[in-house]
Amino acid sequence: MAFYIDTRKNNPEKDLAFLLKNCICGHSGNWNELVFLCVGSDRVTGDCLGPYVGHQLSGRNLWGVSIYGTLQKPVHALNLARTRESIHRLHPHALVIAVDASLGQKKHLGYVTIGNGALYPGAGVQKDLPPVGDIHITGIVNICGHMEQTALQTTRLSTVISLGDIIVGGIETFLQESEIRERPSPAYKFPRRPVRIFPEALLPGRIRQTHR
């Protein structure tokens, strides 16, 4: 089940932080770190939401998280399988939060969605790629229907940047509140180390269409 956040309302970052905390509290396993897997290609405007979010997060002073996928080192369809294997090997006890662009109904254009469960990269453009992540966050950058690939290529950059900034703000708000004020769960502990950005060699996916 995905929750929809109307980014035109006041303070959508706070709504995203609240929902992210709830989603994380739903995972009571023995995980001890967070991995943000930011999916997409910097070569297609509508598909660069994930790399943009990764790029912005990598510039923040965040502790205890690892980031895969930036504008300089994107995670996309060609390295998806290798990336997933690397994460499983290097972060065996991590909670993986996948971030990607998506296509949706016209009424949801410009919304952010979040929910528990894996992200299915490529579903919106009929690509068969393996699912990734324990929690998914998507930004609805354009409308689904015919010619999805064209829709991605003609997506407005301003839409991508606006959604990306809100997602980054929500993640940052969640991390700051969780670190300073309270832990979402007893198992939730940030390792005291700086953010790590992984190279393309270690480094999914594409567009997940989750909306009917």
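A disulfide is taken here as a pair of cysteine sulfur atoms within 2.5 Å. The model is predicted, so that local features need pLDDT of at least 70 and side-chain atom pairs count only at pLDDT 80 or more, while totals for chains, interfaces and linings use all residues. Residues are numbered from 1 along each chain as its sequence is written, and side-chain values use heavy atoms, with hydrogens and water left out.

**View 1. Cysteines without a disulfide.** The structure holds zero disulfides. Cys25 is in none, the nearest cysteine sulfur being that of Cys23, 9.4 Å away. Cys25 is partly exposed at 31% relative accessible area, whereas Cys38 is buried at 0% (buried means under 20% relative accessible area, exposed over 50%, partly exposed in between; 1.4 Å probe, protein chains only).

**View 2. Strand β4 and its partners.** Strand β4 spans residues 94-104, and 11 of its 11 residues are buried (strands are DSSP runs of E, at least two residues, numbered from the N terminus). Ala94, Val96, Ala98, Asp100, Ser102 and Gly104 point one way, and Leu95, Ile97, Val99, Ala101 and Leu103 the other. Strand β4 pairs in the parallel sense with β2 (residues 33-38) over six bridges, where pairing requires that DSSP finds at least two bridges; Val35 has Val96 as its bridge partner in β4. Eight bridges join β4 to β6, also parallel, with Ile97 standing opposite Ile135.

**View 3. Surroundings of Asn142.** Asn142 lies in strand β6 (residues 135-143) and is buried at 16% relative accessibility. Its side chain reaches the backbone oxygen of Ala151 at 2.8 Å, a polar contact (a pair of N or O atoms within 3.5 Å; within protein, one must be able to donate a hydrogen and the other to accept it, and residues adjacent in sequence count only if both atoms are side-chain atoms).

Definitions and conventions:
Helix = DSSP H or I, 4+ residues; strand = E, 2+ residues; numbered from the N terminus.
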